[in-house]
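Below are some questions and answers for reading side-chain pairing and helix packing.

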Amino acid sequence: MLSGRRLDLLDPSPLDIEIEDIAHGLARVARWNGQTKGAHAFSVAEHSVVVEQIVGHIYPRLQPHWRLAALLHDSSEYVIGDMISPFKSALGVNYREFEDRLEAAVHIRFGLPPRAPVEVKRKIKRADRICAHLEAIQIAGFGEEEARQFFGRVPPDLDVQIRPLPPNKAQALFLDRFEALSADLATTPKRRSA
């Protein structure tokens, strides 16, 4: 990693994970394999910030530590990239298990339980699909009906604009949101439930 850390991908240690490495990597990983409109790719760092915002919008009482989990939901992609689900299945290895080990190390590093409760994961996944719908319509060339077919509906009161940023700005956006959530965590007692 640019921080100088060496991360064992098969047995990742929380001690080798730095938020700056995550932000740097995610800001340089393109969603939709870069097949989007605009001067810049829409990065996983930006996607992560939008997913966290959507989680906050549709679940306003969600604890800050679970909002941090939403921000970090694709954190494994800072070292392994963003692959579409059908391709992960076609690889013939348990890719999800690999991602889960890395995600657990990231969670532990930033004070979260290694695994979020199923209900929290469900909430984050819902926000992730809503974000994918918005991305599909706004930057990936999908029509509304096609996006709805693949990703479901978007809440009518949600107004989110997808604006791809250059990597340095996407990285700063991600780090700023991480810092804000970390500050919230410092003043809010943790509850295990959603």
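Q: Is R122 buried, exposed or partly exposed?
A: This is a predicted model, in which local features need pLDDT of at least 70, side-chain atom pairs count only at pLDDT 80 or more, and totals for chains, interfaces and linings use all residues. Residues are numbered from 1 along each chain as its sequence is written, and side-chain values use heavy atoms, with hydrogens and water left out. Buried means under 20% relative accessible area, exposed over 50% and partly exposed in between, with a 1.4 Å probe and protein chains only. R122 has 41% relative accessibility, so it counts as partly exposed.

Q: How far apart are the closest N and O atoms of E119 and R122?
A: E119 and R122 are 3 residues apart in helix α7 (residues 118-138), and so are separated by about one helical turn; helices here are DSSP runs of H or I with at least four residues, numbered from the N terminus. They form a salt bridge, meaning a side-chain nitrogen of Lys or Arg within 4 Å of a carboxyl oxygen of Asp or Glu. The closest N and O atoms are 2.4 Å apart.

Q: Which residue of the pair D128 and K125 is buried, and which is partly exposed?
A: The side chains of D128 and K125 meet in a salt bridge at 3.5 Å, N to O. K125 has a relative accessible area of 46% and is partly exposed, whereas the residue that counts as buried, at 13%, is D128.

Q: How many residues apart in sequence are the parts that E18 and R109 tie together?
A: The side chains of E18 and R109 meet in a salt bridge at 3.5 Å, N to O. Because E18 lies in the segment before α1 (19-26) and R109 in helix α6 (residues 95-109), the pair ties together parts whose separation in sequence is 91 residues.

Conventions. Helices (H or I, at least four residues) and strands (E, at least two) are DSSP runs, numbered from the N terminus.
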